[in-house]
Amino acid sequence: MLKDAFVSIILQEENRGSAEFQVVNFTNKIRKLTLHLKSHKKDYLSQRGLLKILGKRQRLLAYLSNKNRIRYKELIGQLNIRETKAG
């Protein structure tokens, strides 16, 4: 429940270009695509799209980790994302 409240606060935020907003948005897309690919195993175009989104999110998280480590830790904690190997 707390995660949903955190995500809704970020999604209602005015600054939609912020790294946090983009990471939340990519995470939602990743979760939807993952569910889709569980039932459509041979949808290779969706697999490719998923890999592209994962890469974008990874780069944004690396950027956020370098800029503000505290915000990075809070974000991955709230979204239940594993920390990257480089971070």
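Here are some short exercises on this predicted model, each with a worked solution.

Residues are numbered from 1 along each chain as its sequence is written, and side-chain values use heavy atoms, with hydrogens and water left out. Because the model is predicted, local features need pLDDT of at least 70 and side-chain atom pairs count only at pLDDT 80 or more, while totals for chains, interfaces and linings use all residues.

**Exercise 1. Get your bearings**

Work out how many helices and strands the protein has, and what pattern they follow.

Solution.
- Start with the rule: helices (H or I, at least four residues) and strands (E, at least two) are DSSP runs, numbered from the N terminus.
- Counting that way gives 4 helices and 0 strands.
- Going along the sequence, you read α-α-α-α.
- Now for burial, where buried means under 20% relative accessible area, exposed over 50%, and partly exposed in between (1.4 Å probe, protein chains only). Of the 87 residues in the protein, 31% are buried.
- Last, look at contacts, meaning heavy atoms within 4.5 Å. Take those between residues at least 6 apart in sequence: 48% of them join residues at least 24 apart.

**Exercise 2. Find the core**

Say which residues touch the most other members of the largest nonpolar core, and which helices supply it.

Solution.
- A nonpolar core is a set of buried Ala, Val, Leu, Ile, Met, Phe, Trp, Tyr and Cys residues joined through side-chain atoms within 4.5 Å.
- The largest one has 17 residues, and the members touching the most others are Val23, Leu61, Leu75, Leu79 and Ile81.
- Helix 2 (19-39), helix 3 (44-67) and helix 4 (69-79) each give two or more residues to this core. Helix 2 has the largest share, with 7 residues.
- Zoom in on Val23: beyond its neighbours within four places in sequence, Val23 is in contact with Arg57, Leu60, Leu61, Leu75, Leu79 and Ile81.
- For background, nonpolar side chains tend to be buried together in soluble globular proteins.

**Exercise 3. Compare the helix pairs**

Decide how helix 2 lies against helix 3, how helix 2 lies against helix 4, and how helix 3 lies against helix 4.

Solution.
- Here are the ground rules. Axes are lines fitted to C-alpha atoms, for helices over the stretch in contact, and angles run from 0 to 180 degrees between N-to-C directions. Angles under 35 degrees count as roughly parallel, over 145 as roughly antiparallel, 65 to 115 as roughly perpendicular and the rest as oblique.
- For helix 2 and helix 3, the angle is about 155° and the axes are 9 Å apart. The two helices are therefore roughly antiparallel.
- Helix 2 passes helix 3 in a left-handed crossing. A crossing is left-handed if the near helix is turned anticlockwise from the far one by less than a right angle, and right-handed if clockwise.
- For classes, Ala, Val, Leu, Ile, Met, Phe, Trp, Tyr, Cys and Pro count as nonpolar, Asp, Glu, Lys and Arg as charged, and the others, Gly among them, as polar. Residues meeting in this pair include Phe26 and Ile30 in helix 2, and Ile53 and Leu54 in helix 3.
- Helix 2 and helix 4 pack at about 25°, with axes 11 Å apart, so helix 2 is roughly parallel to helix 4. This crossing is right-handed.
- On the helix 2 side the contact uses Glu20, Val23, Val24, Thr27 and Arg31, and on the helix 4 side Arg71, Leu75 and Leu79. Sorted by class, that is 4 nonpolar, 1 polar and 3 charged residues.
- Helix 3 and helix 4 have axes 6 Å apart and an angle of about 135°, so helix 3 is oblique to helix 4.
- Leu61, Leu64, Ser65 and Lys67 of helix 3 meet Arg69, Arg71, Tyr72, Leu75 and Ile76 of helix 4. The split is 5 nonpolar, 1 polar and 3 charged.

**Exercise 4. Check three single residues**

Place Arg59, Gln22 and Asn80 as buried, partly exposed or exposed.

Solution.
- Arg59 sits in helix 3 and is exposed, because its relative accessible area is 57%.
- Gln22 belongs to helix 2 and is partly exposed, at 27%. Leaving aside neighbours within four places in sequence, Gln22 is in contact with Arg16, Gly17 and Leu60.
- Asn80 lies in the segment after helix 4 and counts as exposed, at 58% relative accessibility.
- Asn80 also has a positive phi of about 60°, although it is not a glycine. Most residues other than glycine have a negative phi.
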